[in-house]
Amino acid sequence: MARFSDDFLLELHSRTDIEQLISSYVVLKRRGKNLVGLCPFHNEKTPSFTVYPESESFYCFGCGAGGEAISFIRRAENLDYTEAVKFLCDRAGMSMPTEGYDNSLAEKRRRIYEINKEAARFFNSVLFSEEGKEALHYLKQRGYLKKTLIRFGLGYAPNDWRRLLNHLREKGYSYEELYEANLANKSEKNGKVNFYDSFRNRVMVPIIDPRGNVVAFGGRVLDDSKPKYLNTSDTPAFKKSRNLLALNYAKNNAEEHIILCEGYMDVIAMHQAGFDSAVASCG
């Protein structure tokens, strides 16, 4: 974790109005000097989440979450400490200090986001090609409209061991980067390492976080073979337990509740039917 000077952090907090910051995530109501609302970090019906403007802090009496602006953004945006500081700096129009700032993890995440975005484009182009006609037929048979497929960026991973790998290598990404993004697996034989595509012959569903980054993929088979779903393993840019499919849409449409579905295809069908607050866990 990067170390920042006290003066820098003091200025960052002085430029961050915690009431304004949290109000963009939580509906707050004033109660005396403080503000209360439903906690964004756990399910509750009675408001126990309190914001204290005088001390620029928050605390939830239900789940115990608390702290200041950096702590809130870390939880709300699923960021590490340094990324949360940068998020608030960008918001306040401040520059990150050049000393003590190690951005290696942030840079690694950025590269994985780039790789995933390019992979999503590749899968989508294959779906709407001659090679993807079986997968496209499968999706249409399930009742999905073309506009739905486009909205969710669905694609198809061809039944080939190296098609995506070769495509991404041509874009300048290394084998190790593709392995770290979990888009490639590797095997070793006679001292030689071989890399190959993680996803093959599957309908591909990109997992997009609330900030619009493609963080992972879920791949579904076209028949009844097992495993039905194959999901991206945890990477520096993705943690299964902290992401939901379609949260990027649901967070802007959910009024009082989220609809939790069993699988990815159920979520997509629910959105097509007009239920934009539907989400699913990522494995």
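Q: Rings of Phe, Tyr and Trp form an aromatic pair if their centres lie within 6.5 Å of each other. With that in hand, how many aromatic pairs does a search of the whole structure find?

A: Keep in mind that you are looking at a predicted model. Searching the whole structure turns up 17 aromatic pairs. One of them joins Phe41 and Phe49, with 6.4 Å from centre to centre and 70° between the planes. Planes over 60 degrees apart count as edge-to-face, so that is the label for Phe41 and Phe49.

Q: Are these two rings, Phe41 and Phe49, buried or exposed?

A: Burial is read from relative accessible area: under 20% is buried, over 50% is exposed, and values in between are partly exposed. Phe41 has 22% relative accessibility, so Phe41 counts as partly exposed. Phe49 comes out at 0%, which means Phe49 is buried.

Q: Which other ring does Phe49 pair with, and how is that pair arranged?

A: Phe49 also pairs with Phe72; the pair is tilted, with 6.3 Å between the centres and 55° between the planes. This pair connects distant parts of the chain: Phe49 belongs to strand β3 (residues 49-52) and Phe72 to helix α3 (residues 69-77), 23 residues apart. Phe72, like Phe49, is buried. Step back and you will find one aromatic cluster made of Tyr25, Phe41, Phe49, Phe58 and Phe72.

Q: What about charges: which rings have a charged side chain over them?

A: Here you look for the charged end of a Lys or Arg over a ring. The charged end of Arg75 sits over Phe41, 5.3 Å from the centre of that ring. Elsewhere, Lys186 lies over the face of Tyr179, 4.4 Å from the ring centre.

Q: Turning to helices, which residues of α1 are buried, and where do they lie around the axis?

A: The idea is to see which way the buried residues point from the helix axis. In α1 (residues 6-14), Phe8, Leu9 and Leu12 are buried. They span an arc of only 95° around the axis, so they lie on the same side of α1. Asp6, Asp7, Leu10 and Ser14 are exposed on the other side. The cover over the buried residues of α1 includes α3 and α4 (81-92).

Q: How many residues does α5 have, and how far does α5 reach?

A: A helix's span can be compared with the expected one. Helix α5 (residues 104-127) has 24 residues and reaches 35 Å from its first C-alpha to its last, close to the 34 Å expected. Its buried residues include Arg109, Tyr113, Asn116, Glu118, Phe122 and Phe123.

Conventions
Residues are numbered from 1 along each chain as its sequence is written. This is a predicted model: local features need pLDDT of at least 70, side-chain atom pairs count only at pLDDT 80 or more; totals for chains, interfaces and linings use all residues. Side-chain values use heavy atoms; hydrogens and water are left out. Helices (H or I, at least four residues) and strands (E, at least two) are DSSP runs, numbered from the N terminus. The expected span of a helix is 1.5 Å times one less than its number of residues. Buried means under 20% relative accessible area, exposed over 50%, partly exposed in between (1.4 Å probe, protein chains only). Rings of Phe, Tyr and Trp (its six-membered ring) pair if their centres lie within 6.5 Å; planes under 30 degrees apart count as stacked, over 60 as edge-to-face and the rest as tilted. A charge sits over a ring if NZ of Lys or CZ of Arg is within 6 Å of the ring centre and within 35 degrees of the ring normal. The arc is that of the directions from the helix axis to the C-beta atoms. Contact means heavy atoms within 4.5 Å.
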